[in-house]
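Student: I should like to learn how to read a strand and its surroundings in a structural model. Could we work through one case together?

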Amino acid sequence: MLIRYFGAAMAASGVEEETLDLSGATLQSLLELLAGRHPTASAGAPPLKSVISRSTFLVNGFAARDRSVPLQPQDTVDILPPFAGG
């Protein structure tokens, strides 16, 4: 499964993306696993768990609002924290 981090999620995890070999995961269980894998943030960034709590998610390019959605090993999950801009 490919996990892609954007904005504050990238700063909190310290990586742009990572690949995990998971089966039987839900979006919620994946997010809990990721928060545990990246418990401390880069300097000045909030912890990933905090970023996840206010993020939205895409699974294979589609919005995933239900965190109980089952994931497949070949899925791509994007973590999109709120963005500021003009």
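**Reading strand β5**

Tutor: Let us begin with the two faces of the strand, bearing in mind that this is a predicted model. In a regular strand the side chains alternate between the two faces of the sheet. In β5, T76, D78 and L80 lie on one side and V77 and I79 on the other, and all are buried, which leaves both faces covered.

Student: How many of the residues of strand β5 are buried?

Tutor: Five of the five residues of β5, which spans residues 76-80, are buried, so the strand is largely enclosed by the rest of the structure.

Student: Which strands pair with β5, and in which sense, parallel or antiparallel?

Tutor: Strand β1 (residues 2-5) runs parallel to β5 and is joined to it by four bridges. Within this pairing, Y5 stands opposite I79. Strand β3 (residues 56-59) pairs with β5 in the antiparallel sense, also over four bridges. There, V59 stands opposite V77.

Student: Let us take a single residue, D78. Is D78 buried or exposed?

Tutor: The criterion for a buried residue is a relative accessible area under 20%. D78, which is found in strand β5, has a value of 5% and is therefore buried.

Student: With which side chain does the side chain of D78 make a polar contact?

Tutor: The partner is the side chain of R4, at 2.6 Å. When neighbours within four places in sequence are left aside, D78 is in contact with R4, F6, T56, F57 and L58.

Notes. Residues are numbered from 1 along each chain as its sequence is written. This is a predicted model: local features need pLDDT of at least 70, side-chain atom pairs count only at pLDDT 80 or more; totals for chains, interfaces and linings use all residues. Side-chain values use heavy atoms; hydrogens and water are left out. Buried means under 20% relative accessible area, exposed over 50%, partly exposed in between (1.4 Å probe, protein chains only). Helices (H or I, at least four residues) and strands (E, at least two) are DSSP runs, numbered from the N terminus. Two strands pair if DSSP finds at least two bridges between them. A polar contact is a pair of N or O atoms within 3.5 Å; within protein, one must be able to donate a hydrogen and the other to accept it, and residues adjacent in sequence count only if both atoms are side-chain atoms. Contact means heavy atoms within 4.5 Å.
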